[in-house]
Amino acid sequence: MATKLKGYMNNVARINLTTGEVQYEGIDDEDARKYIGGRGLGVKYVFDNGIGIEPFSADNLLAIMTGPLSGTEVKMSGRLCAVTRSPLTGTVTDSHMGGWTAAYMKWSGFDALLIKGKSDHPVYLLCEDGKVSIHDASDLWGKTTHETRKVLLERYKGRYVDVMSVGPAAEHGVRFAGWVNKDDRACGRGGTGAVGASKHLKAIVFVGDKRRQPKPADRDAFKEADKVALAGIMAEENITSPRKGGLSVFGTNVLTNITGSMGALPAYNSQKASFINDAGQELYEHISGERVNADIHVGDPTCHACPVACKIEVEVKEGKYKVHMESVEYESIWALGSNCGMDNKEAAAYMIDMCNRFGMDPIELGNVIGVFMEATQYGYGNLNGNGLQWGDADGQIAVIERIAYGRDEIARTLGLGAAGAAKAFGHPEIAMSAKGQAIPAYDPRGLKGMGIAYATSNRGACHLRAYTPAAEVGVMPYGSLKVDPLAWEGKGGLTKIFQDVHAVSDSFDICKFSAFAEGMDEYTSQYNTFTGRNLTPAELLQTGERIYNLERYYNNLNGFGEGSDSLPPRFLEEPSTVPGSLGQVCELDKMLEEYYEARGWVNGVVPESKLKELGIL
């Protein structure tokens, strides 16, 4: 039965690219109540599609999802996600993009696009007035994302038009290729773009009509809930405070100087826990948010319904790194900067723009280049003089283009991602990966919560499954929680809670940064008053738990059994050598024991009793 809850368009398109057939259906009410939408409902669709389906198979489902709050008046609700089985990890994955695409998808009349099959030629989808049409994209194949969107935005004009497309990296099978929209916001992680390109899907165009924007079930009650949420976002005590809080002023790169000084900013492929040279110089400061703002910052773009405006638009006006782009993010400037021993912010901005144009995840890219540099350092992999030295910015730029176009054998090896490349070089231990996906910009020797979060993430190493640094650095709403970043005790239980909370917000689908200003009370009141439900915060949190357990169950059935929750030996055995975390290792085993007890799992496997308790079985 189709749901009567508000917030949904009640329109799901099932698209078979092999036959060209498109079928439409509503949102099942039970599924909406148990899995919400966005990530949660997308995972349910992928689960129901079957177990054991290879990522590049025509039968693999690619779900492009909004949630009931996407594109609404809810603050920070400009999010959609791509959900599929990842070609990088083999796990279920979901990857989210900001900007305006989610709003325009919703206003074009859709909750979800469920894409299967494989076209015999390149195609793009046009979504307008609640209908999908399939169009030839032969003229777009081979173009960058920037070139593709230019053509399509000239073809389809209007205020509420957006394009998400894949670039050359996806077309050449790079396992960490993503989707990029017209504002260079991306579904970056996990290779969802590579799955799209494997189906010969080049782009999706959304032509929206704002008159379709969903309205809340209880307008007056929602206004009160929205007022409270906005007060938290605006509060000067919170980092979200527009033009005052660190996130708004410096963007995500506000973290570089913080984690660098804590000994929690991996460098040289995590051979060091901070970007400090042998002379003790703090090189991380050269690529910090403060330095970027002082020298190359020119604008502060934002996303749908967001007053925070954390995006950092930059311009390098002259020289070989000349570029005008957005956005210089903490994760991307870390990956291509400190992780590669490279401290030139202008070069980093140029490389991030390359990732946007070619459609590649900069986090995985920076990690695989780090693997390449470490292999060069120690003579691994029979590179025969074709390696890459730490800090060689121009060499990185050349390698990035080689990877995107699969120009040679080394480039195609690097296109497998950090874990695949390290294995090919004969040294899998130099990949800083968990379940096949490389780590983001937090060293778990200096932020212990990130260690258990990486290991137990259902999509591979990730900071966005459980953002424990919010508590370890101390940026929770109104300073409500601060824990010792070097203590392992309590981190298992803390991670479980963060995972469940983030599963909820990802399914709404709203920005994770809302969690710096809001908690479950605010989430629940906005969700209830908008959709017409009447859940308690505890009941909504259990929905997040259900989603997390369904993901884990899917992974278990696909071969991720006991012992799959692990970290690279470097973090467990090689003590940090830098101030802030000197002498520290990550005590993963102790945290896992605590975590599994909190989850009710058996060594990483969800027991049948837990599945029944949560209504999954």
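User: Which residue is the bridge partner of Tyr124 in E12?

Analyst: This is a predicted model: local features need pLDDT of at least 70, side-chain atom pairs count only at pLDDT 80 or more, and totals for chains, interfaces and linings use all residues. Residues are numbered from 1 along each chain as its sequence is written, and side-chain values use heavy atoms, without hydrogens and water. Strand E7 (residues 123–128) and E12 pair in the parallel sense over 6 bridges; pairing requires at least two bridges found by DSSP. In E12, Tyr124 is bridged to Ala203.

User: How many residues of strand E12 (residues 201–207) are buried?

Analyst: Strands (E, at least two residues) and helices (H or I, at least four) are DSSP runs, numbered from the N terminus. Buried means under 20% relative accessible area, exposed over 50%, and partly exposed in between (1.4 Å probe, protein chains only). E12 is largely enclosed by the rest of the structure, because its buried residues number 7 of 7.

User: Which residue in E12 stands opposite Val163?

Analyst: Strand E9 (residues 161–165) pairs with E12 in the antiparallel sense, over 5 bridges. Opposite Val163 in E12 stands Val205.

User: Which strands stand at the edges of the sheet that holds E12?

Analyst: The sheet is open and mixed, with 6 strands in the order E8-E7-E12-E9-E10-E11. Each edge strand has a single partner, so one side of each is left without a neighbour in the sheet. The edges are strand E8 (131–136) and strand E11 (186–187).

User: At about what angle does helix H4 run to E9?

Analyst: Helix H4 (residues 145–155) lies across E7, E9, strand E10 (179–181) and E12. Axes are lines fitted to C-alpha atoms, for helices over the stretch in contact, with angles from 0 to 180 degrees between N-to-C directions. Contact means heavy atoms within 4.5 Å. To E9, H4 runs at about 150°.

User: By what angle are neighbouring strands turned against each other on average in the sheet with order E2-E1-E6-E3-E4-E5?

Analyst: This open sheet has 6 strands and mixed pairing. E2 and strand E5 (92–97) each have a single partner strand, so one side of each is left without a neighbour in the sheet. With direction ignored, the average turn between neighbouring strands is 15°.

User: Which residue takes a positive phi in the hairpin of E1 and E2?

Analyst: Strand E1 (residues 12–16) and strand E2 (residues 21–25) run antiparallel, joined by 5 bridges. One of the bridged pairs is Val12 with Glu25. Between the strands lie 4 residues, and the positive phi, near 80°, belongs to Gly20.

User: What separates the C-alpha atoms of Leu61 and Ile15?

Analyst: Leu61 lies in the loop between H2 and E3. Leu61 counts as buried because its relative accessibility is 2%. Beyond its neighbours within four places in sequence, its contacts include Tyr45, Val83 and Leu114. Leu61 and Ile15 are 46 residues apart along the chain, and their C-alpha atoms are separated by 9.9 Å.

User: What is the relative accessible area of Ile36?

Analyst: Ile36 sits in the loop between helix H1 (29–35) and H2. Its phi is positive, about 70°, although Ile36 is not a glycine. Most residues other than glycine have a negative phi. Ile36 is buried, with a relative accessible area of 0%.

User: Which residue is joined to Glu326 by a cis peptide bond?

Analyst: Omega of this bond is about 5°. The partner lies in the loop between strand E15 (323–326) and helix H11 (330–336). Joined to Glu326 is Ser327.

User: How many residues of helix H17 (residues 448–456) are buried?

Analyst: The buried residues include Lys448, Met450 and Tyr454. They pack against several elements, among them helix H19 (491–508) and helix H21 (537–557). The helix is mostly covered, with a buried count of 9 of 9.

User: Which helix gives the most to the lining of the second largest pocket?

Analyst: On a 1 Å grid over the protein atoms alone, a pocket is an open set of points with protein on both sides within 12 Å along at least five of seven lines; lining residues have an atom within 4 Å of a point. The second largest pocket has a volume of about 230 Å³, the space filled by probe spheres set on points joined across faces, edges and corners. Of its 14 lining residues, Leu88, Ala419, Gly420, Lys435 and Gly436 are the closest to its centre. With 3 residues, the most comes from helix H16 (residues 418–424).

How values were computed. 1 Å grid on protein atoms, 1.4 Å probe; cavity = no way out; pocket = protein on both sides within 12 Å on 5 of 7 lines; lining within 4 Å.
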